[in-house]
Amino acid sequence: MKPVTIDFWFPWGGEYKKEFKANVVDEFEKKNPNIKINMTFVETTGNTQASDKLLTAIAASNPPDVALFDRFLIASWAFKGALTDLTGYVEASGISSSDYYDAIWKEAQYENKVYGLPWGTDNREMYYNKTLMKAAGLNPEAPPSSIEELDAMAAKMFKRGLNGRYEQVGFIPWLNQGFLYTQGWNWGGNWEKNGELVPSDPQIVKAVDWMTWYAKTYDIESLDSFTHEIGQTGMNAFLTGKVGFVYDGNWLLNDLKKYSAKFDWGVAPMPAPTGKKPATWAGGWSFVIPKGAVHEKEAWEFIKFVAGKEGTLLWAKRQIENNDITAMPAVNKELNLEGNPNLKVFLDQMPKAFTRPVTPVGSFLWNETFRIQDLAINGRGSPQELLDQLKKNVNAELAKLK
């Protein structure tokens, strides 16, 4: 009997195709000689994390059988009818929601139906430059534990050169992963409440207020000039050694090791305002079966393997010194990831990490937060006005779907 070939689309470049084939796909094909995997790179469109090509293929009833898919988009694509409901497959397979981090499993559902299997995750914490702290007269072993402390410490690190431009900065709230979602949760805000999206939550308004304070105090044009110059190098801003504090993901640990940072650094939870607990949020990917896949059953066998414990372990073990976090707590424990003290900071926060709201307008809300943030820090509207506008726009988008 001729093996069935299933098409698998993925948006990751670099060595991913070669590594995933060697470590996971080849093993799957050995165990399932009746199924062959054809891997195809299909890039995402702009900053959307989604692929217009994939949506077009689904609309034309000619989709791939499997796609690697950003988890937070599942609700909006499931609402469109673009993804296959996997609930029956999951129930028959013995896969349990408890195999994955709770919030991550919920992110792969829409209206109590499962549309993807989680695969890989990440979250955000604070990186701090001990060398710059020491030079500023601060204790390099005592990173800020509140936003008030962060502001005070960062203030001592801003330095301008002879040309008047910043040659080093203490902190820029919107740099790297410090954007609106991150700051909203850090300030104790809620993006949804009782099933309703509430982007104008009072604590989110305070977060944007604080971000605009940085833009005014340290001059948005000077800050933009600094980040633009660093951006031209193609290097993560923190790796330059010219940034005191930054919010970023666990993936930065890999680059700090790869490029052998020339300064002392550490990782700590992102601080919250005094009286509130530090927060973080998790993102990550999933395996989905696009609606209309020709080889649905074989596709399920594939994603059940790659996103289950066996496949997750195979991928995670490929390079154990990597600082990747899997979506399965048991796998992370088996690999003793918490034995790495820097990665442990991220792992400790995973069980209580937030995820972006599960909503059919998730993609729209994500894009709008960046637009509103940009207007706020450039002084083009008050935080309250802009977030009220965001709420209004989200409501209008939801109304279109009724």
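Me: What makes both faces of strand β12 count as covered?

Reply: In this predicted model, F245, Y247 and G249 on one side of β12 and V246 and D248 on the other are all buried. Buried means under 20% relative accessible area, exposed over 50%, and partly exposed in between (1.4 Å probe, protein chains only). Five of the five residues of β12 meet the buried criterion, so the strand is largely enclosed by the rest of the structure.

Me: On what conventions do such statements rest?

Reply: Residues are numbered from 1 along each chain as its sequence is written, and side-chain values use heavy atoms, with hydrogens and water left out. As the model is predicted, local features need pLDDT of at least 70 and side-chain atom pairs count only at pLDDT 80 or more, whereas totals for chains, interfaces and linings use all residues.

Me: Why are A396 and A152 called partly exposed?

Reply: A396, in helix α17 (residues 383-400), has a relative accessible area of 41%. A152, in helix α7 (residues 147-155), has a relative accessibility of 45%. Both values fall between the limits for buried and exposed, so both residues are partly exposed. As for their positions, the C-alpha atoms of A396 and V288, 108 residues apart along the chain, are separated by 29 Å. For A152 and M39, 113 residues apart along the chain, the C-alpha separation is 50 Å.

Me: How do you know which strands stand at the edges of the β12-β7-β13 sheet?

Reply: Helices (H or I, at least four residues) and strands (E, at least two) are DSSP runs, numbered from the N terminus, and two strands pair if DSSP finds at least two bridges between them. β7 and β12 are joined in the antiparallel sense by five bridges, with Y127 opposite V246 in β12. Strand β7 (residues 124-129) also runs antiparallel to β13, with four bridges, and Y128 stands opposite G266 in β13. The result is an open sheet of three strands with antiparallel pairing. β12 (245-249) and β13 (265-268) each have a single partner strand, so one side of each is left without a neighbour in the sheet; these are the edges. Neighbouring strands of this sheet are turned by 35° against each other on average, direction ignored; the axes are lines fitted to C-alpha atoms (for helices over the stretch in contact), and angles run from 0 to 180 degrees between N-to-C directions.

Me: What makes β2 and β6 the edge strands of the other open sheet?

Reply: The order of its five strands is β2-β1-β3-β14-β6, with mixed pairing. β2 (35-41) and β6 each pair on one side only. Within this sheet, β3 and β14 pair in the antiparallel sense over four bridges, and L68 stands opposite F287 in β14. The twist averages 20° from one strand to the next.

Me: Why are some spaces called cavities and another a pocket?

Reply: On a 1 Å grid over the protein atoms alone, a cavity is a set of points where a 1.4 Å probe fits but cannot get out; a pocket is an open set with protein on both sides within 12 Å along at least five of seven lines, and lining residues have an atom within 4 Å of a point. Two cavities of 30 Å³ or more are counted by this rule. The largest cavity has a volume of about 120 Å³, and P11, V42, S51, L54 and L68 are the closest to its centre of the 14 residues that line it. β3 (66-70) gives the most to this lining, with four residues.

The largest pocket holds about 1400 Å³ of space. Its lining has 39 residues, of which W12, Q49, D122, W251 and W285 are the closest to its centre. Among the elements that supply at least two residues each are β6 (117-122), β14 (283-288) and α16 (362-377).

Me: What makes the chain as compact as a globular protein of its length?

Reply: The chain has 17 helices and 14 strands. Its radius of gyration, taken over C-alpha atoms, is 22 Å, close to the 21 Å that the globule rule gives for 402 residues, so the chain is as compact as a globular protein of that length. That rule is 2.2 Å times the number of residues to the power 0.38. The C-alpha atoms fill a box of roughly 75 × 50 × 40 Å along the principal axes, and 53% of the 402 residues are buried.

Terms used. Points joined across faces, edges and corners; volume = space filled by probe spheres on them.
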